[in-house]
Amino acid sequence: MRALAAALLGAVAVLAPTGCGLGAGPTPSAVQLLVTREFGARRVGGTGPLKVSGQETVMSLLMRNHRVETRFGGGFVQSIDGLSGGEETGRPVDWFYYVNGVEAPRGAAATNVLPGEHIWWDRHDWSQAEGVPAVVGSFPEPFLGGVEGKRLPVRIECESVSGNACQTVDEQMAKLGIPAAVSAAGGGVAGPETLRVLVGTWLNVDSDPATHTIAEGPRASGVYARFSPDGRTLTLLDQDGRPVRTLTSGAGLIAATRTGEAAPVWAVTGTDQAGVQDAARGLDTATLEDRFAVALLGSESLGLPVVGR
């Protein structure tokens, strides 16, 4: 089962002892560690200075900064700061981790922490999505630091290259020092190691195979939102995959997903041009922080899945 494999990311042969780094080596600089629950809805633990010492693994970094209980020989994170995985109200919940906004492919004890990386642990219900391959809440990652230590080229693919939304996304990237090529949607084949940002109305974005998985629901894409077949409405889902709210004109969505080993693909999209423009303006840290995906309507931004209703 894919979910069990994801939940057991730490269960590997190479283990890091509690409170220790992997061994001699440079201490990674500018590292961030975030621990949350319920798809980023609530932060877990204190807010003191991050403790980093020597060459850390993801597991040792977590143990150095939080109270951690493990299973399976110390490789599987069972609880963080007293919050355990298992079942909650009859639903499966476990701890998952992301590096620069990408679901980790290896165990936490076998993954070294690299300079500048954003490490994010989240405990959530995985009954509707056994894996969430990419999230937006570590922005500006993965555009600055890349994936698995490799900075990747960035390409913004727009429904209208001269449109306001396309220019806004390009400007947002430039402010952060992220070089990006801009092209028309479908204007060339990008390699699997190119980070693509698709900007346009949903009917335009949905034509791309990578983002079409969003139309298939959370189990396929990890995104808890669905557009109607005509692209005119956007339905927001809760963690059980149930419709919570339906947005019509002016609705925007910022989401990321990933297919196989290819680089993540981001969608900056909406029900109409107004929605796309709101999504483009929302491509910033303040709007995206700690969120798996974001729906926008005017000045309102909603983290997805919708939690606590």
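In this predicted model, S127 sits in the loop that runs between β9 (118–125) and β10 (154–158). Being in a loop doesn't leave S127 out in the open: its relative accessibility is 17%, and because buried means under 20%, S127 counts as buried. Setting aside neighbours within four places in sequence, S127 touches R91, P92, R219 and Q239. With one of these partners, R91, the contact is polar, the two side chains coming to 3.4 Å. R91 is also part of a network of salt bridges, together with D238, D240 and R242.

That network brings up the charged pairs in general. The structure holds 16 salt bridges, and a few are worth walking through. R123 and E88 meet through their side chains at 3.1 Å, N to O. Here R123 belongs to strand β9 and E88 to strand β6 (residues 86–88), so the bridge links distant parts of the chain, 35 residues apart. The two ends of this pair are covered to differing degrees: R123 is buried, at 4% relative accessible area, whereas E88, at 30%, is partly exposed.

Next comes the bridge between R106 and E148, where the closest N and O atoms are 3.3 Å apart. R106 is in the loop between β8 (102–103) and β9, while E148 is in the loop between β9 and β10, so this pair ties together parts that lie 42 residues apart in sequence. Both partners are partly exposed, R106 with a relative accessible area of 40% and E148 at 45%. Then there is the pair E157 and R155, whose side chains meet at 2.8 Å, N to O. E157 is buried at 5% relative accessibility, and R155 is buried as well, at 14%.

Turning to the open space in the model, the largest pocket has a volume of about 560 Å³. Its lining is made up of 26 residues, with L33, L34, V35, R43 and G46 lying nearest the centre. Two elements give two or more residues to this lining, namely β1 (32–37) and α2 (58–65). Of these, β1 supplies the largest share, 4 residues. In terms of chemistry, the lining is a mix: 9 nonpolar, 11 polar and 6 charged residues.

The helix α2 is mostly covered, with 7 of its 8 residues buried. The buried ones are V58, M59, S60, L61, L62, M63 and R64. They pack against a set of strands: β1, β3 (68–71), β4 (76–80), β7 (91–99) and β9. β1 therefore turns up twice, as a packing partner of α2 and as a contributor to the pocket lining.

Another helix, α7 (residues 273–281), has G275, V276, Q277, D278, A279 and A280 buried. These residues pack against one helix, α3 (164–175), and against the strands β12 (195–201), β16 (251–257), β17 (265–270) and β18 (293–297). In strand β19 (residues 300–304) there is L302, which counts as buried at 15% relative accessibility. L302 is 49 residues away from L253 in sequence, but the C-alpha atoms of the two are 9.5 Å apart in space.

A few spots in the backbone deserve a look too. The peptide bond joining F139 and P140 is cis, with omega at about 15°; P140 is in the loop between β9 and β10. A cis bond also runs from L304 to P305, with omega near 0°, and P305 falls in the segment after β19.

Positive phi values appear at A30 and F39, neither of which is a glycine. For A30, phi is near 55°, and the residue sits in the loop between α1 (2–7) and β1. For F39, phi is about 60°, and the residue is found in the loop between β1 and β2 (42–43). Their surroundings contrast: A30 is exposed, at 61% relative accessibility, while F39 is buried, at 4% relative accessible area.

Methods
Residues numbered from 1 in each chain as written. Predicted model: local features only at pLDDT ≥ 70, side-chain atom pairs only at ≥ 80, totals over all residues. Heavy atoms only, no water. 1 Å grid on protein atoms, 1.4 Å probe; cavity = no way out; pocket = protein on both sides within 12 Å on 5 of 7 lines; lining within 4 Å. Points joined across faces, edges and corners; volume = space filled by probe spheres on them. Nonpolar A, V, L, I, M, F, W, Y, C, P; charged D, E, K, R; others polar. Buried < 20%, exposed > 50% of the residue type's maximum accessible area, 1.4 Å probe, protein only. Polar contact = N/O pair within 3.5 Å; in protein donor to acceptor, adjacent residues only side chain to side chain. Contact = heavy atoms within 4.5 Å. Salt bridge = Lys/Arg side-chain N within 4 Å of Asp/Glu carboxyl O.
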